[in-house]
Amino acid sequence: AMQFVCKMAMPLALMFAAFQASVLVACSDDKSVAGGASEETRIIAGLENISIHGRARMVVPWENDDKIKHIDVVGLEAGTNVSLYELDAKTFAKTGVVYAGVVGDSGNFAFENVTLKSPYVLIEAERLPPQNAYVYSVFTDVRDTGEISMDVMTRLEALRAVRLAESGESYAAAKERAKAEVLEAFGIYDAPDGIGEADEVEYTAII
């Protein structure tokens with residue numbers, strides 16, 4: 001497990017440590033599924049014609065005339081392609097159900113009238129050329145409303161967590177284990193939960 005994370009973490013971190021994106025995934029009020037995430041693998045009812053809204057951002061470092069480093073958080077470029085892939089609730093393999101979207105002004109995007117048989121999805125954002133060598137991604141449960149981050153760290157977490165889930169671990173266990181392994185690969189231990197949402201600059205600094 002750690003060999004996989006370390007192999008993926010270092011080259012990606014060196015290439016993309018300057019960037020961060022975040023996605024707000026939330027079901028519309030009249031279509032949301034009560035109860036939050038759960039570990040059952042049966043097909044979940046109530047995921048018909050939901051709206052999933054997002055916001056994609058990147059962190060841009062720059063220096064002033066005094067060589068003092070600063071960080072700006074800006075929306076991912078308008079026109080950036082965003083895709084939502086449904087994952088099977090038991091095997092976590094892609095089911096073939098795909099929804100496509102495009103980033104608009106200020107990094108906002110939305111998937112409207114989405115119908116899913118499984119609450120587990122993989123969301124990917126691919127920047128336009130010449131910045132399209134890397135795909136941001138996040139592995140999530142659409143019943144977990146609220147803001148989630150999509151950046152270099154969650155890309156690594158998604159790669160590892162999906163593999164763990166495919167091997168038989170529950171969604172929650174796979175996510176928790178993958179997050180811990182990725183952070184440890186960067187030498188980060190006992191990071192507080194929600195650091196990305198609470199302090200973007202502090203979170204960006206660790207990647």
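This passage looks at a four-stranded sheet and two helices in a predicted model.

Start with the sheet. It is open and has four strands, set out in the order S6-S5-S8-S9 with antiparallel pairing. Strands S6 (94-102) and S9 (135-141) sit at the edges, each pairing on one side only. Direction aside, neighbouring strands here are turned by 20 degrees against each other on average. As for the pairing of S5 (residues 81-87) with S8 (residues 120-126), the two strands run antiparallel and are joined by six bridges. One residue to pick out is Leu 84, whose bridge partner in S8 is Ile 123.

Now for the helices. H2 lies across three strands of this sheet, namely S5, S8 and S9, and runs at about 50 degrees to S9. H2 (residues 152-166) also packs with H3 (residues 171-185), at an angle of about 135 degrees and with the axes 8 Å apart. That angle makes H2 oblique to H3, because it falls short of the cut-off, over 145 degrees, for roughly antiparallel. The crossing of the two helices, H2 and H3, is right-handed.

On the H2 side, the contact is made by Met 153, Leu 156, Glu 157, Arg 160, Ala 161, Leu 164 and Ala 165. H3 brings in Ala 174, Lys 175, Arg 177, Ala 178, Lys 179, Glu 181, Val 182 and Leu 183. Sorted by class, the contact of H2 with H3 has nine nonpolar residues and six charged ones, with no polar residues.

Note on methods:
Residues numbered from 1 in each chain as written. Predicted model: local features only at pLDDT ≥ 70, side-chain atom pairs only at ≥ 80, totals over all residues. Heavy atoms only, no water. Axes fitted to C-alpha atoms, helices over the stretch in contact; angles between N-to-C directions. Parallel < 35°, antiparallel > 145°, perpendicular 65-115°, else oblique. Left-handed = near helix turned anticlockwise from the far one by under 90°. Contact = heavy atoms within 4.5 Å. Nonpolar A, V, L, I, M, F, W, Y, C, P; charged D, E, K, R; others polar. Pairing = 2+ DSSP bridges.
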